[in-house]
Amino acid sequence: MFPANKQYDLIIVGAGLSGFAAAVSARENGLTTLVIEKGRSLGGDGNYVEGAMGVDSQLQRAADIRVDKTQLLQDELNYSHYEASAPHLKQFIDHSGETIDWLQGLGIKFSKVGAQGKSWPTIHTFEGGGHAAVQALIDQATTHGTEIVTSLSAQRVLMTDGHVSGLVVKSEATGQQRDLSTSAVLLATGGYVDNPDLIKQRTPFSNRLLSVSDGKSTGDGMQLAWQAGAAHYQMGAIQYGGGAIYDRINPPFVHMASQVAAAATQEAILWVNERGERFINEDVNDNMCHAGGAILTQSRVYSILDQAAVDHLTDVGLYKEVGNSPVSPDKFDQLKDELTDKLAAGAKYLTKADSLDALARQLHLADLPATVAHYNQLVAAGVDSDFGKAAAYLTPVTTGPFYAVELGVGMACALGGLRVDHQNAVLNDHGYPVSGLFAAGNDAAGMLVGDTYAVTLPGSTAGYAVYSGRNAVASLLTKQAVTN
Ligand SMILES: Cc1cc2nc3c(=O)[nH]c(=O)nc-3n(C[C@H](O)[C@H](O)[C@H](O)COP(=O)(O)OP(=O)(O)OC[C@H]3O[C@@H](n4cnc5c(N)ncnc54)[C@H](O)[C@@H]3O)c2cc1C
């Protein structure tokens, strides 16, 4: 189905978190707005979001949570090796609290606010998850008359005399194309985590990267913008979700709630590489992006658990609460059953053996027995003199049977490729706007990061999606007011 009208003040490409934040703002301000979505369902990866970042929100003030914005900016610039845009990041931080307040004002509820692992206390957790938040935005947009068309993808931005004049769209059902007329297009397509070629441009280790997105973030926004004359900006960061079960058969989401996955990735017991050598302080998993980076430095990675660890997890619970995973069960009540079932089903990522020698033989991990013997000496001494893992997480590996879980790296989103200004206007090679073209959400969030996603600022992509969608609309209104 094609849209009812052919002329719009604003066409928003992508019906996810940033697209709907923009749509609600646009309708609040009386713009004739069309939202197009290439998939059949709405909400994009916004549906899976846990929470959004904000500084100095009403909720934080009520909880007496104070954040020094200048220190936060400095920390994040350092973390990004100064590849983040300082003015853009500052503007986002400064407006992030009022962005949360705006969501609250729309009736969106938050269950808690605080830190996630070792981070700034910025994540506002959505009550009912991202799905509830996105649905509230969809309800707001539709109640106020925003036109939304699904199974319709943006193909090309039309330019006339250097200004956006329209958009070519394609029906995903029939393949038919149509030109729509508009003076402004907002790209809100969710970044490029599902585009293997673009991911490969960003990192050579792409074969063990597993996208946990909904599969539709294929970098369309960047490619539409580049065609329209936008600069190719740095490819930015991939949000590594730490270790993930490396299953060559089933898609990553089937392991999202798995207790085997939680035991292998949340715990910091013993990780070894393709030779059976230890290569990192496993408590690096406090920062899931750093953990992902470390895992990718090796050809293969296995998380090793002994029966004592399985028993401890089952009877007592986690040795180490990472706090940034959807799976942090207090007690691993399903762990033993899951191990039995998966082994019975012949899962290739899971290996069990009665002795370390047998495990090493099965997986060709020649150095594993020696590695474990040495590691147990470090545990007995209480000091990881190899890599500096905290003493509290030095757990011995002694009691058979032994399990090895092969790890890849999950990735939730990929940011970068476009440069935008204060107004979320997309910039060309000379640093000036491609007139009428805006980008929000993951399509623009490369401005906030260097080569590593800012886990230290939890909720930042969701917070930015909402902030930047609204900011682009505010900029469009300002430009219109100046023109009129
Ligand atoms: C499992 C998971 C958990 C996450 N948790 C968090 C979290 O807790 N906090 C956080 O900050 N971030 C989180 N993220 C990151 C999340 O991606 C973003 O915060 C947020 O969804 C980005 O909004 P967006 O509008 O840019 O993209 P999306 O919400 O993904 O929306 C993009 C939409 O554009 C559509 N689209 C793409 N191309 C086209 C085209 N050519 N034409 C028309 N439509 C198109 C897509 O189909 C999609 O519906 C998570 C991501 C995942 C996958």
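**A walk around the ligand and helix α12**

Visitor: What makes the pair formed by Ser 18 and the ligand a polar contact?

Guide: A polar side-chain atom of Ser 18 lies 2.6 Å from an oxygen atom of the ligand. A polar contact is a pair of N or O atoms within 3.5 Å, so this pair counts. Bear in mind that we're looking at a predicted model.

Visitor: And how do you know that Gly 46 and Glu 50 belong on that list?

Guide: Try the cut-off of 3.5 Å again. For Gly 46, a backbone N or O atom is 3.1 Å from a ligand oxygen. For Glu 50, a polar backbone atom sits 2.8 Å from an oxygen of the ligand. Both values are within 3.5 Å, so both pairs pass. As for cover, the protein hides 96% of the 980 Å² of accessible area the ligand has on its own.

Visitor: Which parts of the chain build the shell around the ligand?

Guide: α1 (17-28), β8 (152-160), β17 (402-414) and α14 (460-483) each bring at least two residues. α14 gives the most, with four. By class, the shell has 14 nonpolar, 16 polar and six charged residues.

Visitor: Why is Leu 359 in helix α12 called buried?

Guide: Buried means under 20% relative accessible area, and Leu 359 is listed as buried, so its value falls under that cut-off. Others listed for α12 (residues 356-363) include Leu 356 and Leu 363.

Visitor: What do the buried residues of α12 pack against?

Guide: They pack against β15 (301-306), β16 (350-353), α13 (368-381) and β17. Just after α12, His 364 takes a positive phi of about 60°.

Notes: Residues numbered from 1 in each chain as written. Predicted model: local features only at pLDDT ≥ 70, side-chain atom pairs only at ≥ 80, totals over all residues. Heavy atoms only, no water. Polar contact = N/O pair within 3.5 Å; in protein donor to acceptor, adjacent residues only side chain to side chain. Areas by Shrake-Rupley, 256 points an atom, 1.4 Å probe, with all protein chains shown as cover. Nonpolar A, V, L, I, M, F, W, Y, C, P; charged D, E, K, R; others polar. Buried < 20%, exposed > 50% of the residue type's maximum accessible area, 1.4 Å probe, protein only. Contact = heavy atoms within 4.5 Å.
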